[in-house]
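Good morning, colleagues. Please take a moment with the sequence and the coordinates, and then I shall go through the salt bridges, the strands and the surface in turn.

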Amino acid sequence: MYVVYFIALITSLEAIGINMKALLAGISVAGFITGLGAQNLIKDILNGFFILFEDQFSVGDHVSINDTKGTVEEIGLRTTKIRGVDGEFYFFANSNITKVANYTLGEIPEIHTPEQIKTREE
């Protein structure tokens, strides 16, 4: 149904005297430029969705993002904000987050020294 409306609109505009080839070419170029400009925004939103969906880190977690350590203050679809260990506030575009270490998740395994192992065996 929408295809019929679109064709009827183009036909009626051509009947009025508007050059539709030039108009459609201009709209195509504008759409292409908009698509290139929105590329990073789309990457940020997709990565933010996966961070939230996979629960990689949550607000309040102590993390290291791209070798910057701190506490997660806010997670958005476009950006993640952490407060550094010295009080700095860092903003990361979600598409630029390449390495995450979450110190809050999981338990730290107990590491046994050789002396502890000998004591247990005795």
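I begin with a pair of charged residues: the side chains of Glu 73 and Arg 83 meet in a salt bridge, with a distance of 3.7 Å from N to O. This pair links distant parts of the chain, since Glu 73 lies in strand S2 and Arg 83 in strand S3, ten residues apart. Glu 73 has a relative accessibility of 36% and therefore counts as partly exposed. Arg 83, also at 36% relative accessibility, counts as partly exposed. I should state at this point that we are looking at a predicted model.

How many salt bridges does the structure hold? There are four. As a general remark, side chains of opposite charge can pair when their charged atoms come close.

Another of these bridges joins Glu 74 to Lys 81, and here the closest N and O atoms are 3.4 Å apart. Are these two residues buried or exposed? Glu 74 is partly exposed, with a relative accessible area of 41%. Lys 81 is buried, because its relative accessible area of 17% falls under the 20% cut-off.

A further bridge is formed by Arg 78 and Asp 44, whose closest N and O atoms are 3.8 Å apart. This pair, too, links distant parts of the chain: Arg 78 sits in the loop between strand S2 (68-75) and strand S3 (79-84), Asp 44 belongs to helix H3, and 34 residues separate them. Arg 78 counts as partly exposed, at 44% relative accessibility. Asp 44 counts as buried, at 5% relative accessibility.

Let me now place these elements in the overall fold. The secondary structure comes to four helices and five strands. Along the sequence, the pattern reads α-α-α-β-β-β-β-β-α.

Next, the strand pairing. S2 and S3 pair in the antiparallel sense over five bridges. Within this pairing, Val 72 stands opposite Ile 82 in S3. The connection from S2 to S3 is a hairpin of three residues.

On the other pairing of S2 that I wish to show, strand S1 (residues 62-65) and S2 are joined in the antiparallel sense over four bridges. Here Val 63 stands opposite Gly 70 in S2. The hairpin of S1 and S2 has two residues between the strands, and Asn 66 takes a positive phi near 50 degrees there.

I turn to the surface. Which residues make up the nonpolar patch? The patch covers about 860 Å² and is made by Leu 41, Ile 42, Ile 45, Leu 46, Phe 49, Phe 50, Leu 52, Phe 53 and Leu 77. Leu 41, one of these residues, is found in helix H3, which spans residues 39-54. With a relative accessibility of 40%, Leu 41 counts as partly exposed. Helix H3 thus carries both Leu 41 of the patch and Asp 44 of the salt bridge to Arg 78.

I close with values for the whole chain. The accessible surface comes to about 9,300 Å², and carbon and sulfur atoms account for 62% of that area. Of the 122 residues in the chain, 20% are buried. Finally, consider contacts between residues at least 6 apart in sequence: 39% of these join residues at least 24 apart.

Thank you for your attention.

How values were computed. Residues numbered from 1 in each chain as written. Predicted model: local features only at pLDDT ≥ 70, side-chain atom pairs only at ≥ 80, totals over all residues. Heavy atoms only, no water. Patch = residues over 30% accessible without salt bridge, like charges linked within 9 Å, V, L, I, M, F, W, Y side chains within 5 Å. Areas by Shrake-Rupley, 256 points an atom, 1.4 Å probe, with all protein chains shown as cover. Buried < 20%, exposed > 50% of the residue type's maximum accessible area, 1.4 Å probe, protein only. Contact = heavy atoms within 4.5 Å. Pairing = 2+ DSSP bridges.
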